[in-house]
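Here's a quick briefing to read alongside the model. It starts with one residue and works outward from there.

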Amino acid sequence: MIITGRKATRNHRLTDSEKEANRLLNRERAAVEHGFANLKSWRFLTKVRMNARHATTLLRALLVLANTEVHR
């Protein structure tokens, strides 16, 4: 499922609740985009050749370690 923001038109202005929903969606989207940008900087991931399940487990572990390091 893809969730997109609401867009105002010439005849329809966004309500306060629609604006708030867009803000919340953008906050989540920004976090995901930052995560992808961070992963792109990890060049060694381009050389990973393994089972997708094992790669996912490895990636999750690396993200936990990276997030722990940042928040200290």
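Let's start at N38, which has its place in helix α1. Keep in mind that this is a predicted model. With a relative accessibility of 33%, N38 falls in the partly exposed class, since that class runs between the 20% and 50% cut-offs. Its C-alpha is 9.8 Å from that of A66, and the two are 28 residues apart in sequence.

**Overall picture**

- The secondary structure adds up to two helices and zero strands.
- The radius of gyration comes out at 18 Å, whereas a compact globule of 72 residues would be near 11 Å.
- If you lay the C-alpha trace along its principal axes, you get spans of about 50 × 30 × 20 Å.
- Burial is scarce in the numbers: 10% of the 72 residues count as buried.
- About 7000 Å² of the protein is exposed, with carbon and sulfur atoms supplying 56% of that area.

**Helix α1**

- This helix covers residues 16–40, and that makes 25 residues.
- From first C-alpha to last, α1 reaches 36 Å, close to the 36 Å expected at 1.5 Å a residue.
- Which residues of α1 are buried? They are E18, N22, L25 and L39.

**E18 and its surroundings**

- E18 sits in α1 and has a relative accessible area of 15%. It counts as buried because that value is under the 20% cut-off.
- Setting aside neighbours within four places in sequence, E18 is in contact with R6, H12 and R13.
- With R6, the side chain of E18 forms a salt bridge at 3.2 Å, N to O. Since E18 lies in α1 and R6 in the segment before α1, this pair ties together parts that are twelve residues apart in sequence.
- With H12, the side chain of E18 makes a polar contact of 3.5 Å.

**N22, also in α1**

- N22 is another residue of helix α1, and at 14% relative accessibility it counts as buried.
- What does N22 touch, once neighbours within four places in sequence are left aside? It is in contact with G5, R6 and L14.
- R6 therefore turns up in two contact lists, that of E18 and that of N22.

**Salt bridges**

- How many salt bridges does the structure hold? It holds two.
- One of them is the E18–R6 pair described above.
- The side chains of E20 and R23 also meet in a salt bridge, at 3.1 Å, N to O.
- E20 and R23 are three residues apart in α1, so about one helical turn separates them.
- Are E20 and R23 buried or partly exposed? E20 is partly exposed, with a relative accessible area of 34%, and R23 is partly exposed too, at 47% relative accessibility.
- For E18 in the other bridge, the class is buried, at 15% relative accessibility.

Conventions:
Residues are numbered from 1 along each chain as its sequence is written. This is a predicted model: local features need pLDDT of at least 70, side-chain atom pairs count only at pLDDT 80 or more; totals for chains, interfaces and linings use all residues. Side-chain values use heavy atoms; hydrogens and water are left out. Helices (H or I, at least four residues) and strands (E, at least two) are DSSP runs, numbered from the N terminus. Buried means under 20% relative accessible area, exposed over 50%, partly exposed in between (1.4 Å probe, protein chains only). A polar contact is a pair of N or O atoms within 3.5 Å; within protein, one must be able to donate a hydrogen and the other to accept it, and residues adjacent in sequence count only if both atoms are side-chain atoms. Contact means heavy atoms within 4.5 Å. The expected span of a helix is 1.5 Å times one less than its number of residues. The radius of gyration is taken over C-alpha atoms; the globule rule is 2.2 Å times the number of residues to the power 0.38. Accessible areas come from the Shrake-Rupley method with a 1.4 Å probe; for residues, only the protein chains shown count as cover. A salt bridge is a side-chain nitrogen of Lys or Arg within 4 Å of a carboxyl oxygen of Asp or Glu.
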